[in-house]
Each structure stands twice: as structure tokens, then as C-alpha cells.
Amino acid sequence: MAKVIDILNTPNTKFTFEIVPPLKGSTMEDISQTIETLLPYSPSYINVTSHRAETVLVDNGNGTFSKKIVTKRPGTVGVSASIKFKYGVEVVPHIICGGSTAAETEDILFDLQFLGIQNILALRGDAVKGERDFTPEANGHSNADALVRQISDMNQGVFFTPDLKNQSTSDFCIGIAGYPEKHREAPNMETDLRHLKDKVDAGAAYIVTQMFFDNKKYFQFVENCREIGINVPIVPGIKPISLLANLNSLPQIFHIDLPEELVHEVEKCKTNDDVRKVGIEWAIQQCKELKTANVPALHFFTLGSTAKSIAEIVKSVY
């Protein structure tokens, strides 16, 4: 077993990526193609995202509707274990505040400990779909700071459940998210950075950033972090554009800016295949510059991007 922080502290820029668990009712075959396409490029670890339940309206058949809680993508722990034991690659399951009490979070952490999984990305998570503001569960965490503290406490032998007997301490390596263009809910970058430092001070060992398409924003973000005493590794998050619709969807969903030069090139494309080629070339140039700057790793988001596109990028950069 290897901790992410130990991996990141070795020489050379690593290659990592994250996958989304398949929809409920699907099988591992739905994500195995992505994994097996990228395995030849020796990923140092694979992240597995987590998704909270959604509230959906169900037609009662009599002209009325009722609300129902539905979990569409369960299995972060199971998928992580399957990848680890089938492919022999370190995994980093995402643990989120949303949808879980602190006691339920502790149960998830025990499951990971039993499975020998010791790397975690701790996130607050999004609001329930259709709701504007994030609402924690009763007796749950309202922010990632508290989640990181719970995991750190468990590493010190302090548990949420009282009077546990003969319980060994955990040894989790905790990662957190950072936002080169500011979290959408933060009033300003200074406040966002202060909250980020709170998470590092609580026990986070490294940061992986939200996607960005202008490397200057990443470099400025790292500089700002260092100035306020955040000295952990900061891994840049990369996503190649693959659809013309990304010009609108990515800024809306992730609250990021797209460089005018990139927008101009995509707008000239006649097909999504043309867009994919532009996205690959843009990401290659991004990654080459970041690799030259000796970033600890390049972390690729596979959601909405084909594994083949990422494979082309990695082959050109490494």
C-alpha cells in the first residue's frame, strides 16, 4: 500500500485520473474500458467519485406526484475496492459530507480501513440537485473542514462512536479540493484560500484542483497558497474539451472561465470530432507546460471525456 502523499513526493510528474461509478444496475464493465485504456500509461492512482442521493418526482398515476429519494450512482467503496484488487492500482475514493451523518461517515471509513484503502479525497459535495444551497444531514458535516477533522481524529484514535474497544487507529492520507478560480460560493479569493488553509491545518496532505484551461491561473493559485503558508503538494486538474456544448456547460456547471483563444478555436469547429481534436491539442500544450514546471502530478477528469482522448494526451506528454 502506498499513500498518495508519498507518491507525490517522489521525483517526476505523475499521471492520475478519476472515474465516475456506473449508474445503479450497471456493472464494472461500464467503466472497465476507461480503466483498461489508461492502464498502459501507468497511473499512480485512480480516484473514484461519490454522489449523493437526489430527490425526484414520481408520477402516482392519478394526476399527483410524490417526492422520492434516489441514489443513482452508489458503490464508491465497492468500485474502489474492485479496482484496487483487480488491477493492483492505488485508489482514492471520494468521501463527501452530503447525504451522510458523522456516524455513517465513520462506518464508511471503517469499511475502507478493513479493505486496506488508506487514501481519501475529502469533499463537502454539492447541494441536492434542484436546490440552490447545500444542506447537511442532521448530525452531519456542513463543510469539508469538519470532515477532514473527523478523519484526522480517527487517525489519532479519536472516534465519533463513543466507547469503542480494541479499535486500532487508522492511517488515512487525506486529499482536498482547491479552486484556482475560486469556489463559486466564496465571496472572494482571499476567503476561499483561508478556508483551504483551514482544511490543510486540519490534516489534509495534498490538494487537487478544479479543472482550469489557463495555466497562469494555476500558477497564481499556487503562489497565493504558498504566501499564506499552504505548503502541501498542489495537483492540477485537467479536462480536455470534447463537445461544442462544453463552451456553455463547463462555465455554468464548474464556474470557470475559458480562454478566448480556446473558445475561438472551438467555435470554428464543424463537428464534435473537430472539437475533440482541438481539446486534445489544447490539453497537450497545457500539460507540457505544467510538466516542465515539475508539478507533482497531472490529474485527468474522465467525465464527459473519452479515455482515448486522455490516452492521446498522456502519450504526447510523457
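Guide: A residue counts as buried when its relative accessible area is under 20%, as exposed when that area is over 50%, and as partly exposed in between. The structure above is a predicted model.

Visitor: Into which class of accessibility does Lys182 fall, buried, partly exposed or exposed?

Guide: Lys182 sits in the loop between β7 and α6 (189-202), where its backbone has a positive phi of about 80 degrees although the residue is not a glycine. Most residues other than glycine have a negative phi. The relative accessible area of Lys182 is 23%, and because values under 20% count as buried and those over 50% as exposed, the class for this residue is partly exposed.

Visitor: Asn12 also has a positive phi; is the residue buried or exposed?

Guide: Asn12 belongs to the loop between α1 (4-8) and β1 (14-19), and its phi is near 80 degrees, a positive value in a residue other than glycine. With a relative accessible area of 66%, set against a cut-off of over 50%, Asn12 is therefore exposed.

Visitor: How are the rings of Tyr218 and Phe219 arranged, stacked, tilted or edge-to-face?

Guide: A search of the whole structure finds seven aromatic pairs. In the pair formed by Tyr218 and Phe219, the ring centres are 5.5 Å apart and the planes stand at 65 degrees, so the arrangement is edge-to-face.

Visitor: Which of the two residues, Tyr218 or Phe219, is buried?

Guide: Phe219 has a relative accessibility of 30%, so this residue counts as partly exposed. At 3% relative accessibility, under the cut-off of 20%, the residue that counts as buried is Tyr218.

Visitor: Which residues do ring pairs link into a cluster?

Guide: The place to look is among the aromatic pairs, of which the search of the whole structure finds seven. The cluster that ring pairs link together consists of Phe15, Phe17, Phe300 and Tyr318.

Visitor: How does helix α4 lie relative to helix α5, parallel, perpendicular or oblique?

Guide: Helix α4 (residues 102-115) packs against helix α5 (residues 144-155) with the axes 11 Å apart and an angle of about 50 degrees between them. Because that angle falls neither under 35 degrees, nor over 145, nor from 65 to 115, the relation of α4 to α5 is oblique.

Visitor: Which residues of α5 take part in the contact with α4?

Guide: The crossing of these helices, α4 and α5, is right-handed. By class, their contact has six nonpolar, three polar and one charged residues. From α4 come Ala102, Thr105, Glu106, Leu109, Phe110 and Gln113, and the residues they meet in α5 are Leu147, Gln150, Ile151 and Met154.

Visitor: How many charged residues are there in the contact of α2 with α3?

Guide: The axes of helix α2 (residues 29-38) and helix α3 (residues 76-87) come within 12 Å and cross at roughly 50 degrees, so the two helices are oblique to each other, and their crossing is right-handed. Glu29, Ile31, Ser32, Ile35 and Glu36 of α2 make the contact with Val79, Ile83, Lys86 and Tyr87 of α3. Divided by class, these residues are five nonpolar, one polar and, for the class in question, three charged.

Visitor: Is α2 roughly parallel or roughly perpendicular to α11?

Guide: The axes of α2 and helix α11 (residues 307-317) come within 9 Å and cross at roughly 10 degrees. Angles under 35 degrees fall into one class, and the two helices are therefore roughly parallel.

Visitor: Which residues of α11 make the contact with α2?

Guide: The axes of the two helices come within 9 Å. The α2 side of the contact is formed by Thr34, Thr37 and Leu38, and the α11 side by Ala307, Lys308, Ile310 and Ala311.

Visitor: How far apart in space are the C-alpha atoms of Pro136 and Cys97?

Guide: Pro136 is found in the loop between β6 (119-123) and α5, and at a relative accessible area of 31% the residue is partly exposed. Not counting residues up to four places away in sequence, Pro136 touches His141 and Ser142. Pro136 and Cys97 are 39 residues apart in sequence, and their C-alpha to C-alpha separation is 6.9 Å.

Visitor: What distance separates the C-alpha atoms of Thr169 and Val128?

Guide: Thr169 lies in the loop between α5 and β7 (173-178), and at 44% relative accessibility Thr169 counts as partly exposed. Leaving aside neighbours within four places in sequence, its contacts are Gln113, Met154, Asn155, Gln156 and Gly157. Val128 is 41 residues from Thr169 along the chain, and their C-alpha atoms are separated by 33 Å.

Methods:
Residues numbered from 1 in each chain as written. Predicted model: local features only at pLDDT ≥ 70, side-chain atom pairs only at ≥ 80, totals over all residues. Heavy atoms only, no water. Phe/Tyr/Trp six-rings, centres within 6.5 Å; stacked < 30°, edge-to-face > 60°. Buried < 20%, exposed > 50% of the residue type's maximum accessible area, 1.4 Å probe, protein only. Axes fitted to C-alpha atoms, helices over the stretch in contact; angles between N-to-C directions. Helix = DSSP H or I, 4+ residues; strand = E, 2+ residues; numbered from the N terminus. Left-handed = near helix turned anticlockwise from the far one by under 90°. Contact = heavy atoms within 4.5 Å. Nonpolar A, V, L, I, M, F, W, Y, C, P; charged D, E, K, R; others polar.
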